[in-house]
Amino acid sequence: MEKVKIAIIGTGLRGAYTYAPLIEKYKDKCEIVAFVENKKGRRDLFLEKYPVSEDMVFDNLNDFVAHDKLADAVIISHYDLLHYDTAQVALVKGYDVLVETPVANSLDGLVHLKEYSQKNKDRLFMVAYNNRYSDFYKKLKEIVDNKELGNLINISYNVDIGYQNFVHNYVRGNWRITSDTATIMLTNSCQDIDMMISLSGGNCQKVSCFSDLRVFNWENFNTRMSENCFRCGEEELCPFSAKKMYLQEDKFINNSIHIKPTKENLEAILKEGPYGKCVFYCDNDVCDNLTSIFKFDNKVTANFNINAFTKESDKKIRLFFKEGEVEASFKEKEIKIKKFLTNNEEVIKIEQEDTDEKLFVDFIDRVKNKNYDACVSDVGEVIQSHVVTFAAEFANVSETVVDVKSFFDDAVEMTKQIEKMMF
């Protein structure tokens with residue numbers, strides 16, 4: 001049985017610690033034949049674990065795409081800014097593509113996504129929307145669709161990022177500056193928006209949005225503090241201390257700080273690098289709290305909240321129906337159904353699941369069998385979630401209620417006019 005040949009573009013946390021181990025687990029079906037990574041330390045570490053031919057290791061994307069087709073498929077897991085352009089080039093080269101989210105972090109890129117997916121029907125263009133493979137969300141959708149509680153009226157969807165995850169990613173980390181990546185609703189929660197839209201059973205008509213950077217800013221820095229946690233007079237009392245976050249226990253996120261995250265290596269890099277900086281003295285501009293309201297064309301309404309100030313990470317979802325309500329916790333994998341006509345509460349426990357693995361196996365099987373039909377995470381299926389996040393951000397900065405269809409129609413027309421003048 002011939003194996004599916006895979007090239008990984010970007011060997012950071014997702015490339016090296018999610019997809020590469022899955023390829024190794026399913027080595028009877030697939031193999032890594034090439035990879036692209038611009039950081040030498042990461043290249044060397046990846047080669048130690050997953051050796052490939054020397055001439056199939058690339059330190060930049062241009063050299064990789066300059067070659068003829070080197071694999072059956074590519075997994076795109078590098079910088080957000082490059083996802084869209086890299087996917088375009090890979091499709092033209094003849095690769096099947098699995099791309100991390102967000103697929104496009106600019107509105108003009110988003111305008112072309114649907115058009116581009118339709119032009120490449122002979123390619124698999126799949127987005128890493130692993131939530132679409134989750135039994136947890138499938139069960140919630142089943143509850144909505146069977147209408148045993150009547151029609152769905154309202155959704156309350158709360159994304160608890162968790163204070164440590166937020167500080168790591170959005171205060172000190174790679175997603176801390178919006179212009180370098182995208183808005184937090186897109187980078188952190190486009191899949192949550194996708195699930196909310198799916199649960200609503202309709203298309204999003206209107207959105208409003210408000211956010212603020214309330215805590216992690218220079219206004220909360222004082223003279224007793226220091227730029228770095230190792231020199232700070234208030235470090236012992238600070239929950240956001242880098243020493244507490246990275247040195248007190250072994251965490252997965254430590255792999256993003258140092259390729260060999262021993263305590264000694266971590267201490268050395270934290271004393272000099274961005275992950276050791278005071279959270280009130282960074283150059284971040286991402287909001288630490290956000291709330292938005294959505295109206296769908298089937299009259300369902302929803303409120304969607306992103307919050308940095310929670311102890312743990314979770315997705316807490318409440319669904320309100322004509323004859324009952326549902327409470328669900330993604331972390332606990334628990335769904336509670338409360339019918340108005342009974343005092344009994346039905347509790348459904350969902351088994352722990354690896355949705356990354358489910359998505360990956362689907363991708364590999366589709367590549368192998370050239371099955372491009374009815375893909376649950378095909379790029380054409382997830383465009384609305386991206387559009388809605390852009391509309392929400394426009395509502396946020398303009399402090400208006402935005403009509404989503406009109407917003408996107410205007411974006412399409414504006415993109416056409418700009419490209420007409422440029423080309």
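This passage walks through the sheets, a pocket and a few individual residues of the structure above.

The model is predicted, with local features needing pLDDT of at least 70 and side-chain atom pairs counting only at pLDDT 80 or more, while totals for chains, interfaces and linings use all residues. Residues are numbered from 1 along each chain as its sequence is written, and side-chain values use heavy atoms, leaving out hydrogens and water.

A good place to start is the open sheet of nine strands, which has mixed pairing and the order 14-13-12-11-7-10-9-8-15. Here helices (H or I, at least four residues) and strands (E, at least two) are DSSP runs numbered from the N terminus, and two strands pair if DSSP finds at least two bridges between them. Strand 14 (345–349) and strand 15 (402–403) form the edges, each pairing on one side only. Strand 7 (residues 152–160) and strand 10 (residues 301–307) run parallel and are joined by seven bridges; Asn158 has Asn305 in strand 10 as its bridge partner.

Helices lie across this sheet. Helix 6 (residues 135–146) lies across strands 7, 11, 12, 13 and 14, at about 10° to strand 11. Helix 9 (residues 190–200) lies across strands 7, 9, 10 and 11, running at about 165° to strand 7. These angles run from 0 to 180 degrees between N-to-C directions, with axes fitted as lines to C-alpha atoms, for helices over the stretch in contact; contact means heavy atoms within 4.5 Å.

Phe330 sits in the loop between strand 12 and strand 13. Leaving aside neighbours within four places in sequence, Phe330 is in contact with Asn131, Ser134, Phe136, Tyr137, Asp314 and Lys315. Ser134 is 196 residues from Phe330 along the chain, yet their C-alpha atoms are separated by 10.0 Å.

Elsewhere, strand 1 (residues 4–9) is largely enclosed by the rest of the structure, because five of its six residues are buried. Buried means under 20% relative accessible area, exposed over 50%, and partly exposed in between (1.4 Å probe, protein chains only). Strand 1 runs parallel to strand 2 (residues 30–36), with six bridges joining the two, and Ile8 stands opposite Phe35 in strand 2.

Lys349, in strand 14, counts as exposed at 53% relative accessibility. Not counting residues up to four places away in sequence, Lys349 touches Glu332, Lys333 and Glu334. Lys349 and Lys420 are 71 residues apart in sequence and 54 Å apart in space, C-alpha to C-alpha.

The backbone also deserves a look. Most residues other than glycine have a negative phi, and most peptide bonds are trans. A cis peptide bond, however, joins Thr101 and Pro102, with omega about -5°. Thr101 lies in the loop between strand 5 (96–99) and helix 5 (107–119) and is buried, with a relative accessible area of 16%. Not counting residues up to four places away in sequence, Thr101 touches Asp80, His83, Val127, Ala128, Tyr129 and Cys190.

Positive phi values turn up at two lysines. Lys299, in the loop between strand 9 and strand 10, has phi near 80° and is exposed, with a relative accessible area of 75%. Lys370, in the loop between helix 12 (355–369) and helix 13, has phi near 50° and is exposed as well, with a relative accessible area of 63%.
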